[in-house]
Amino acid sequence: MRALSIGATGMMAQQLNVETISNNIANMSTTGYKRERAEFQDLLYQQERRVGAPTSDNGTELPSGVQLGLGVKTAAISRDNEQGPLQKTDNKLDVAMQGPGYFTVQLPSGDTAYSRAGFFQLSSDGTIVTPDGYPVQPSIVVPPNAIDVTISAAGEVFAYFDGQVAPQNLGQLELATFINNNGLEQIGSSLMKETTASGPATVGVAGSPGFGTVLQGYLEGSNVNVVSEITNLIQAQRAYEMNSKSIDTADQMLQTITQLR
Amino acid sequence: MENSGYLALARQVALDHALDISANNLANLRTSGYKAEKLLFEQYVQRATSPVTPPNEMSSVVQVGTFTDYRPGDFEQTGNQLDFAIQGDGFFAVQDPAGTRYTRSGNFRVDDTGQIVTQDGLPVLDAGGSTIQLPAEARQVTVSGDGKVSADGNVVGEIGVMQFTDPQSLVREGNGLYSSTAQATQATDAKVVQGMIEGANVQPVLEITHMMDILRNFQAAQQMVDSQHEMAIDAINKIAKV
């Protein structure tokens, strides 16, 4: 009775689907979050009668075989890197990425992480850091006597001082792009790490070819579309129920067999 | 066992298979590009061994084959520029280590070298069998209806859409792939649609009612075995009394 295990693979797949969808909904207002989608594939097939097998010495062959599928499996959970909506915050250190590119962040371990979430803050010594306190690369220190900070579209950070007309250039935010954004590994806290699948980071600055621009005073919202997530959730739930129905049918058939005298 | 017992057994084995196929279709309800599998039955007529006139014929059920329902699935908009669906008959060609394979599931990605690949990392091929390479700095990938891939306005390749004269001859390999010994030709009336994926074409209502039908038939066959068994017991008892 393969139907039991086939139904089970279907239920497991839909459970994962619901989990992915609920994670999207949970992150519907997470800055820089990119929605994810579970991708499924059919499992192996048992070829009980192989199509095209000869049926006589005269060259006749089977026009269709018996191919029994064994269920479904999860192929991948892929990320949809569509641009999220820009939300105005008026915070001086909030920066949104428009177009491709990731902010680079140095982890305490010394590794580099990448993020789309540009909600930066100042540490006690004036360094621009993420909300977790990890320094944004390259290390940019805002002097304590600066009265204002502006960030240009190219990611250059300027500080204004009392009695000084021209702003002082403190440094330029470093951005990274990847040939395969989907290959980045999520490590939580809106951070991602490079993998062999993502390819090496191409480091550059905002506005150069292949890179987006930076917008001060805005944040990139989550690109989760709640309406489509809810409809997906309904579909996933129904698919789950239908798979339980095939288990139920197999169970009843087994019950019939056990009543055999 | 009497013949009726064998007939019921053949019926039950066939129904067991039918349930497996329905269960597999339902398990793949949300698998992109999945095509429903259907089972074909055939009567197998066998002459009973006893030489009676007129000849006593039995008809037993055998499964002759499964066939694939190639009707299109619903298109679902994803907005992802590397998601593709085929409108019309045809398959995407991908390069598997074991040879060229075909798939309807167009949820492609780029790999670390910039090649367009499937979720399993198999390179997608054009009609001539070459892979499609996107330039590293490509930002906007657009694909026209005939499969031409442009990166920022420059044509960089073409996604091949292939067709077969007899798609039923394709062998399902799992992972959404099909293999064929027949030669594929470039599809003539198929169109590539970007930003959409084709959902499974499984009809849940049909599958669920089919499963109910299978269950009832299975129980009916069981009834047949039971009554035959009772007849046998009855016969033994009665003969013993004589």
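Which side chain does the side chain of A:Glu39 meet in a polar contact? In this predicted model, the partner is the side chain of A:Ser78, at 2.9 Å. A:Glu39 belongs to strand β1 of chain A, which runs over residues 36-42. With a relative accessibility of just 2%, A:Glu39 counts as buried, because the cut-off for that label is under 20%. Its surroundings draw on both chains: apart from neighbours within four places in sequence, A:Glu39 is in contact with A:Lys73, A:Thr74, A:Ala75, A:Ala76 and A:Ser78 on the chain A side, and with B:Asn107, B:Arg109 and B:Gln119 on the chain B side.

One of those chain B contacts is also a charged one. The side chains of A:Glu39 and B:Arg109 form a salt bridge, with 3.1 Å from N to O. The pair is part of something wider, as A:Arg37, A:Glu39, B:Asp83 and B:Arg109 are joined in a network of salt bridges.

That brings in the interface as a whole. Three salt bridges are found across the interface of chain B and chain A, along with 26 residue pairs in polar contact, both residues of each pair being at pLDDT 80 or more. On the chain B side, the elements that supply two or more residues are α1 (3-27), β1 (37-47), β2 (57-68), β8 (109-110), β14 (171-174) and α2 (204-241). Of these, α2 of chain B gives the largest share, at 11 residues. Counted by residue, the contact takes 66 from chain A and 60 from chain B. The size of an interface is often quoted as the accessible area that is lost when the parts come together. Here, chain B and chain A bury about 5100 Å² between them, and carbon and sulfur atoms account for 53% of that area.

Back in chain A, A:Asn223 makes a polar link to the backbone at two places. A:Asn223 sits in the loop between β19 (218-220) and α2 of chain A. The side chain of A:Asn223 reaches the backbone nitrogen of A:Arg35 at 2.7 Å and the backbone oxygen of A:Glu82 at 3.0 Å. Both of these residues appear among the residues that A:Asn223 touches: leaving out residues up to four places away in sequence, the list is A:Tyr33, A:Lys34, A:Arg35, A:Asp80, A:Asn81, A:Glu82, A:Gln83, A:Gly84 and A:Pro85. A:Asn223 has a relative accessible area of 5%, so it is classed as buried.

What about a buried residue in chain B? B:Gly160 lies in the loop between β12 (154-158) and β13 (161-163) of chain B, and counts as buried because its relative accessibility is 1%. Not counting residues up to four places away in sequence, B:Gly160 touches B:Phe91, B:Phe92, B:Ala93, B:Leu125, B:Asp126 and B:Ala127. B:Asp69, by contrast, is 22 Å from B:Gly160, C-alpha to C-alpha, and 91 residues away in sequence.

Over all chains, the structure holds 24 salt bridges. Among them is the pair A:Lys88 and A:Asp90, whose side chains meet at 3.0 Å, N to O; A:Lys88 and A:Asp90 are both exposed. Another salt bridge in chain A pairs A:Lys92 with A:Asp148, at 3.9 Å from N to O. This one ties together distant parts of the chain, with the two positions 56 residues apart in sequence: A:Lys92 is in the loop between β5 (86-88) and β6 (95-98), whereas A:Asp148 is in strand β11 (residues 148-151). A:Lys92 has a relative accessible area of 44% and is therefore partly exposed, and A:Asp148, at 26%, is partly exposed too. Chain B offers a further case in B:Asp146 and B:Lys148, which form a salt bridge with an N to O distance of 4.0 Å. The relative accessible area is 47% for B:Asp146, which is thus partly exposed, and 32% for B:Lys148, which is also partly exposed.

Finally, there is a nonpolar patch on the surface. A:Met1, A:Leu254, A:Ile257 and A:Leu260 make it up, and together they have about 270 Å² of accessible area. One of these residues, A:Ile257, lies in helix α2 of chain A, residues 226-258. A:Ile257 counts as partly exposed because its relative accessibility is 33%, a value between the cut-offs of 20% for buried and 50% for exposed.

How values were computed:
Residues numbered from 1 in each chain as written. Chains lettered and ligands numbered in written order. Predicted model: local features only at pLDDT ≥ 70, side-chain atom pairs only at ≥ 80, totals over all residues. Heavy atoms only, no water. Patch = residues over 30% accessible without salt bridge, like charges linked within 9 Å, V, L, I, M, F, W, Y side chains within 5 Å. Areas by Shrake-Rupley, 256 points an atom, 1.4 Å probe, with all protein chains shown as cover. Helix = DSSP H or I, 4+ residues; strand = E, 2+ residues; numbered from the N terminus. Buried < 20%, exposed > 50% of the residue type's maximum accessible area, 1.4 Å probe, protein only. Contact = heavy atoms within 4.5 Å. Buried area = accessible area lost by both parts, 1.4 Å probe. Polar contact = N/O pair within 3.5 Å; in protein donor to acceptor, adjacent residues only side chain to side chain.
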